[in-house]
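Grab a pencil and open the structure viewer. Below are a few exercises, each with a solution worked through step by step.

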Amino acid sequence: MEISVFTVDAFTNLPFKGNPAAVCPLLHEVSDDLYQKIATEMNLAETAFITKINPSDNFTTGSRFRLRWFTPTNEVNLCGHATLASAAVLFQNKKNENSVLVFETRSGDLAVTHQGERYILDFPLNPPAQEDPNDFKDIIKAAVGNHPIQDVYLCSNTKKLMVRLADSCDRSVLTSLKVDPAALQSSERSGRVKGLILTMKGSPDCQPGYDFYSRYFSPWNGIPEDPVTGSAHTVLGSYWSKKLGKKKLLAYQCSRRGGELELEVREDGRINIAGHAVFVLQGTITL
């Protein structure tokens with residue numbers, strides 16, 4: 001059996017930046033065990049598998065597909081950058097004729113619109129709830145040490161904990177943090193947290209005018225640090241939209257690779273997440 005595979009850098013217009021995802025368009029479903037083995041072999045934050053829903057469809061004319069995402073260790077419920085990368089493969093490589101594609105996923109139907117050089121993801125908004133920092137003091141200590149924090153919020157349905165650094169902190173505090181994934185994982189074993197978002201207020205007066213910055217860690221899912229995380233921004237977008245009193249936000253995830261996301265919080269309880277994508281590899285998995 002031969003399976004096509006692409007590596008696409010998402011949320012960037014430069015190769016080797018943004019977040020790389022492996023994408024496999026499949027002619028038919030394979031076993032969950034094989035999905036996981038391929039994702040482990042690719043060893044990227046996520047490997048996405050696209051399959052046809054209607055057997056008579058093809059990747060050029062079809063408008064609805066099934067999409068699943070696997071980390072090197074397990075399947076996940078939502079992934080932004082691998083959804084963007086999957087749409088890029090269909091639109092650019094498969095020359096899909098539609099302007100909007102819909103993926104059936106564990107998180108329901110997710111639409112992606114191709115607009116110029118951008119891809120716009122229609123994702124669920126995941127508002128977090130404020131928490132007592134003392135309830136999470138061990139994981140906060142493991143992540144930020146003695147740096148001052150301003151807010152602690154938890155999104156229970158995505159199991160993402162968001163810790164906001166105090167406004168007195170410079171961006172360099174966030175970018176220079178050395179977070180030990182093993183220490184993170186051992187500090188939180190209750191099952192309430194599967195991902196940690198660190199965030200801080202941006203520099204809207206300095207070009208290009210980022211409203212907020214973030215980093216994201218998920219050793220509980222086999223991802224020490226994720227370079228650019230669409231799913232985390234379903235939480236961040238909700239939080240910062242309320243704090244800043246605006247619906248359109250420009251975000252920068254300041255991992256080593258870095259990536260930019262354009263957000264629009266909608267009135268219908270969803271969020272548009274827009275970004276670019278760059279192809280860096282195309283090949284074949286032979287089994």
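Before starting, keep in mind that this is a predicted model.

**Exercise 1. Strand pairing at the start of the chain**

Find the bridge partner of Asp9 in E18 and that of Ala10 in E2, then work out how E1 pairs with each strand.

*Solution.*
- Step 1: Look across from Asp9 into E18, and the bridge partner you land on is Val278.
- Step 2: Do likewise for Ala10, whose bridge partner in E2 is Asn19.
- Step 3: Now take the strands as wholes. E1 (residues 2-10) and E18 (residues 277-286) run antiparallel, with 9 bridges between them.
- Step 4: The pairing of E1 with E2 is antiparallel too, over 5 bridges.
- Step 5: Check how covered E1 is: 7 of its 9 residues are buried, which makes the strand mostly covered.

**Exercise 2. Unusual backbone spots**

Sort out Phe11 and Phe16 by phi and by burial, and then find which residues the cis peptide bond joins.

*Solution.*
- Step 1: Recall the usual picture. Most residues other than glycine have a negative phi, and most peptide bonds are trans.
- Step 2: Phe11 is not a glycine, yet its phi is positive, about 60°. Phe16 also has a positive phi, about 70°, without being a glycine.
- Step 3: Place them. Phe11 sits in the loop between E1 and E2, and Phe16 is found in the loop between E1 and E2 as well.
- Step 4: Apply the cut-offs, under 20% for buried and over 50% for exposed. Phe11 has 2% relative accessibility, so it counts as buried. Phe16 comes out at 62%, so it counts as exposed.
- Step 5: For the cis bond, go to Gln207 and Pro208, where omega is about 5°. Pro208 belongs to the loop between E12 (195-201) and E13.

**Exercise 3. A helix with a bend**

Describe H6: its span, where it bends, and how enclosed it is.

*Solution.*
- Step 1: Start with the span. H6 has 15 residues and covers 20 Å from first C-alpha to last, close to the 21 Å expected at 1.5 Å a residue.
- Step 2: Look for a bend. There is one of about 30°, at Leu236.
- Step 3: Count the buried residues. With 12 of 15 buried, H6 is largely enclosed by the rest of the structure. Among them are Gly230, His233, Leu236, Tyr239 and Trp240.
- Step 4: Step past the end of the helix, and you meet Gly245, which has a positive phi near 65°.

**Exercise 4. Two pockets**

How many residues line the second largest pocket, and how do its lining classes divide? Work through the largest pocket beforehand.

*Solution.*
- Step 1: The largest pocket holds about 440 Å³ of space. It is lined by 27 residues, and Val76, Asn77, Leu78, Thr158 and Lys160 are the closest to its centre.
- Step 2: Ask who builds the lining. E5 (75-76), H2 (80-93), E13 (212-218), E14 (223-226) and H6 (230-244) each give at least two residues.
- Step 3: By class, the lining of the largest pocket divides into 6 nonpolar, 14 polar and 7 charged residues.
- Step 4: Turn to the second largest pocket, with a volume of about 280 Å³. Its lining has 13 residues, and those nearest the centre are Asn19, Glu225, Pro227, Arg256 and Arg257.
- Step 5: Two or more lining residues come from E2 (19-26) and from E14, and E14 gives the most, with 3.
- Step 6: The classes here are 7 nonpolar, 3 polar and 3 charged.

**Exercise 5. Sequence distance versus space**

What separates the C-alpha atoms of Asn272 and Asp122, and what separates those of Glu46 and Ala182?

*Solution.*
- Step 1: Asn272 and Asp122 are 150 residues apart along the chain, and their C-alpha atoms are separated by 4.9 Å.
- Step 2: Glu46 and Ala182 are 136 residues apart along the chain, with a C-alpha separation of 20 Å.
- Step 3: Add the surroundings. Asn272 lies in E17 (residues 270-275) and is buried at 17% relative accessible area. Glu46 lies in E3 (residues 46-52) and, at 5% relative accessibility, counts as buried.

Technical notes:
Residues are numbered from 1 along each chain as its sequence is written. This is a predicted model: local features need pLDDT of at least 70, side-chain atom pairs count only at pLDDT 80 or more; totals for chains, interfaces and linings use all residues. Side-chain values use heavy atoms; hydrogens and water are left out. On a 1 Å grid over the protein atoms alone, a cavity is a set of points where a 1.4 Å probe fits but cannot get out, and a pocket is an open set with protein on both sides within 12 Å along at least five of seven lines; lining residues have an atom within 4 Å of a point. Grid points are joined across faces, edges and corners, and a volume is the space filled by probe spheres set on the points. Helices (H or I, at least four residues) and strands (E, at least two) are DSSP runs, numbered from the N terminus. Ala, Val, Leu, Ile, Met, Phe, Trp, Tyr, Cys and Pro count as nonpolar, Asp, Glu, Lys and Arg as charged, and the others, Gly among them, as polar. The expected span of a helix is 1.5 Å times one less than its number of residues. The bend at a residue is the angle between axes fitted to the seven residues ending there and the seven starting there. Buried means under 20% relative accessible area, exposed over 50%, partly exposed in between (1.4 Å probe, protein chains only). Two strands pair if DSSP finds at least two bridges between them.
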